[in-house]
Amino acid sequence: MQPLIDNARTFGQRPEEFARLAEGQSPQVLFITCSDSRVVPALITGARPGELFELRTAGNIVPPYVSDRPTGEAATIEYAVEVLGVQDVVVCGHSHCGAVGALVRGDDLDGVPAVRDWLAHAADEPGTADPDDPTVMRAVQHHVLSQLLRLRSYPCVEKRLADGRLRVRGWYYEVHTGAVREHRVETDGFEAL
């Protein structure tokens with residue numbers, strides 16, 4: 001913890017670098033990804049402060065939209081799309097995902113009931129998923145596509161997609177190599193950016 005504290009102490013000693021951020025934000029992208037500490041959206045994309053609006057959830061899950069039961073995730077998506085007017089939404093899954101891996105392996109999650117119940121929003125693991133594959137690549141990619149489908153059902157997203165003001169993208173990040181792949185509709189596969 002001490003190195004983090006030391007950096008935080010010196011971080012504010014460069015106010016000129018951050019003065020423009022007080023004027024507001026206008027990110028072009030909502031980046032939805034996992035809470036995993038190995039997945040750092042700004043590092044992956046090279047984004048500077050103010051360029052990405054982020055939503056991080058365990059397993060990069062987009063929960064179902066329920067109008068009479070708002071969630072923090074739904075509020076973040078709606079704000080990014082309706083207020084900030086982002087032009088792209090990226091749902092980024094990653095290799096070695098503990099959440100998806102737990103589902104693939106059928107781990108007993110009774111000791112962490114909030115995690116268990118949250119993962120009920122995940123995609124069903126595909127029958128071809130290999131429980132011995134530590135990367136859980138196939139399952140994560142399937143999961144990303146399922147979250148994209150769910151995202152498309154949000155009214156604000158559906159409306160902006162229909163009028164061409166929004167694009168949604170599925171990414172797969174390999175934590176062990178740094179490679180990023182994007183889902184291509186024309187090939188129905190994840191290919192290098």
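**Exercise 1. Work out which class of burial Aspartate 117 falls into, and find its charged partner.**

Solution. Start with the area: Aspartate 117 has a relative accessible area of 44%, so it is partly exposed (buried means under 20% relative accessible area, exposed over 50%, partly exposed in between, with a 1.4 Å probe and protein chains only). Next, look for the partner: Aspartate 117 makes a salt bridge with arginine 116, with 3.0 Å between the closest N and O atoms. The term salt bridge stands for a side-chain nitrogen of Lys or Arg within 4 Å of a carboxyl oxygen of Asp or Glu. Finally, check arginine 116: its relative accessibility is 32%, so this residue is partly exposed too.

A word on the ground rules. This is a predicted model, where local features need pLDDT of at least 70 and side-chain atom pairs count only at pLDDT 80 or more, while totals for chains, interfaces and linings use all residues. Residues are numbered from 1 along each chain as its sequence is written, and side-chain values use heavy atoms, with hydrogens and water left out.

**Exercise 2. Describe the salt bridges of arginine 38 and arginine 105, then look at the wider count.**

Solution. Take arginine 38 to begin with: it pairs with aspartate 36, and the closest N and O atoms lie 2.7 Å apart. Arginine 38 is partly exposed because its relative accessibility is 41%, whereas aspartate 36, at 15%, counts as buried.

Now arginine 105, whose salt bridge goes to aspartate 107 at 3.0 Å between the closest N and O atoms. Arginine 105 comes out as partly exposed at 46% relative accessibility, and aspartate 107 is partly exposed at 34%.

Last step, the overall tally: the count comes to 13 salt bridges. Asp88, Arg167, Arg169, Glu182 and Arg184 are joined in a salt-bridge network.

**Exercise 3. Place threonine 33 in the fold and list what surrounds it.**

Solution. Locate it: threonine 33 sits in strand β1, residues 29-34 (strands are DSSP runs of E, at least two residues; helices are runs of H or I, at least four; both are numbered from the N terminus). Check burial: threonine 33 has 0% relative accessibility, so it counts as buried. Then follow the side chain, which reaches the backbone oxygen of cysteine 92 at 2.8 Å. To finish, collect the contacts (heavy atoms within 4.5 Å): leaving out residues up to four places away in sequence, threonine 33 touches Val39, Pro41, Leu55, Arg56, Thr57, Asn60 and Cys92.

Terms used
A polar contact is a pair of N or O atoms within 3.5 Å; within protein, one must be able to donate a hydrogen and the other to accept it, and residues adjacent in sequence count only if both atoms are side-chain atoms.
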